[in-house]
Amino acid sequence: MALNLRSASSLALCALMLPLGYFSVLGQAVTPSPAVTLTIQRFIDQSNGMTADDAVRIALSNNGELEALRREADAANALIKQARLRANPSIEIGGTKMIGGMDNSQMAEAMLPLELGGRRGSRIRVAEREAAVRQKAVEEHERSLAAEVRIKFGEALAETFKLRFTEAAVAAALEQFRLIQARVTEGKTAPLEESMTLVEVNRLRSMRETAVGKTEIAFLELRNLLGMRPEEPMTLKGDFDDLIASLPVLADTVEDAISTRPDLAGLRAMEDLATAQIEQARAGGRLDASVKTGFQRMRSGFPLNGLTETGELRPIDAVFKFFTFGVTIELPVLNRNQGEIEAASATREAARNRREFGELIVRREVAAAFAGYESAARAMEIFRVGVRDQAAANLAVILQTYELGSRNLIEYLIEERRFIEIE
């Protein structure tokens, strides 16, 4: 049996709404189930949800790359301890034995490097500068990670709010569709208007599915930054007002960024490291010495007999004991670490160039951030007063004209959809 336009559109609505929790009975009123209303609750919980500060704290605790950088910083601090240790003394033990004779000797000698010329001090300074570089790398990663988490938090929050507006549009469209169905049943509206409204409802439903997908992707990206598994539950708490703070003076912000930004501090630490490496190379090219002392026992004799003071015969054999001492001096005549000094000097010049360029980048980034924020604030105010408020007024007028019968429902739905998209 052929279906008329009204029954066909009602059945189509029934089939399309079922996956979202809506049902329709023989073309009668379509009733929303809790499935759609619970969608936002999967993402937003203003009582127990996660704030932006909570997200940053979790990321700083769980991020694997950051944890690896912290362990590298710990290793660099351990190398400072190693650099402070003095050189170990050495002991040399030896002996001689005359082949075919009775002569022999045993000796033991200890030697202690003095590390003259500032070798130990320069070694410590290099280790300290390397540890500072590692620590600044940790701080810079913490700063960039916190900023990225706040950006992703804002994006997830924005996608959630967009989803909320889209679902509001779907709910409004369904409500209007029920009204049209009732009017068609009463014969006050042509079935074509019901079919056209159904098209609009389904278009909004497709937009809702897209919004759900974008929201879930945003939450997955945020979970990844926080070190959470994809299946772990997570809800957010807050509004954009919580993420926006008043701006300080531009000049003060630039100077504060130059003095406190960890990336610039890291570049300065690299410059200090190169300076310390220059001093270490120079210290390695200076005179050095080691002191040594020892004991030697030597037995010597001849295969002959001699007379004692009492006239007795006895082998000519005696044991001699010696105390030895001395100094070993390393003369920097041919190798004074000229190449290492030149290389460290070039490294310091490169670090200085990077630091100066980094300061220019920071000045540009701060100025660009201020310009972007101020232009966005102006645009938001214009949009709020000149677009959103005006669109709300237009929607109210069209609603009144629709209620008076001057406009049809489709025109009102179009204007309502436009207002929700603007919002």
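Let me begin at a turn: in the hairpin of strands E5 and E6, which has five residues between the strands, Gly311 takes a positive phi near 90 degrees. Before going on I should say that this is a predicted model, in which local features need pLDDT of at least 70 and side-chain atom pairs count only at pLDDT 80 or more, while totals for chains, interfaces and linings use all residues. Residues are numbered from 1 along each chain as its sequence is written, and side-chain values use heavy atoms, with hydrogens and water left out.

As for the names, helices (H or I, at least four residues) and strands (E, at least two) are DSSP runs, numbered from the N terminus. The chain holds 11 helices and six strands, and of its 423 residues, 33% count as buried, where buried means under 20% relative accessible area, exposed means over 50%, and partly exposed lies in between, with a 1.4 Å probe and protein chains only. If we take contact to mean heavy atoms within 4.5 Å, then among the contacts in the chain with a separation of 6 or more, 78% come from residues 24 or more positions apart.

Now to the sheet that the hairpin belongs to. It is an open sheet of four strands in the order E3-E4-E5-E6, with antiparallel pairing, and two strands pair if DSSP finds at least two bridges between them. The edge strands are E3 (90-97) and E6, each of which pairs on one side only. On average, and with direction ignored, neighbouring strands of this sheet are turned by 15 degrees against each other.

Let us follow E5 (residues 288-307) through its two pairings. With E4 (residues 104-113), E5 pairs in the antiparallel sense over 10 bridges, and here Glu109 stands opposite Gly294 in E5. With E6 (residues 313-330), E5 again pairs in the antiparallel sense, over 18 bridges. Three examples can be picked out along that pairing: Val291 has Val327 in E6 as its bridge partner, Thr293 stands opposite Phe325 in E6, and Leu307 has Leu313 in E6 as its bridge partner.

Is Gly306, which sits in strand E5, buried or exposed? Gly306 counts as buried, because its relative accessibility is 19%. Leaving aside neighbours within four places in sequence, Gly306 is in contact with Glu312, Leu313, Arg314 and Ile316. The C-alpha atoms of Gly306 and Asp317, which are 11 residues apart along the chain, are separated by 9.4 Å.

I turn next to the helices, and to H5 (residues 119-185) in particular, beginning with its packing against H3 (residues 52-62). These two helices pack at an angle of about 135 degrees, with their axes 9 Å apart; the axes are lines fitted to C-alpha atoms, for helices over the stretch in contact, and angles run from 0 to 180 degrees between N-to-C directions. H3 and H5 are therefore oblique to each other, since angles under 35 degrees count as roughly parallel, over 145 as roughly antiparallel, 65 to 115 as roughly perpendicular and the rest as oblique. H3 passes H5 in a right-handed crossing, and the rule is that a crossing is right-handed if the near helix is turned clockwise from the far one by less than a right angle, and left-handed if anticlockwise.

Which residues in H3 and H5 meet? From H3 they are Ala52, Asp53, Ala55, Val56, Ala59 and Leu60, and from H5 they are Glu142, Leu145, Ala146, Val149, Arg150 and Phe153. The residues of this contact divide into nine nonpolar, no polar and three charged, where Ala, Val, Leu, Ile, Met, Phe, Trp, Tyr, Cys and Pro count as nonpolar, Asp, Glu, Lys and Arg as charged, and the others, Gly among them, as polar.

The other partner of H5 that I want to show is H9 (residues 262-284), which packs with H5 at an angle of about 165 degrees, with axes 8 Å apart. H5 and H9 are therefore roughly antiparallel to each other, and H5 passes H9 in a left-handed crossing. By class, this contact has 10 nonpolar, five polar and 12 charged residues.

Finally, one residue of helix H5 itself, Lys152: at 19% relative accessibility, Lys152 counts as buried. Not counting residues up to four places away in sequence, Lys152 touches Glu221, Leu222 and Leu225.
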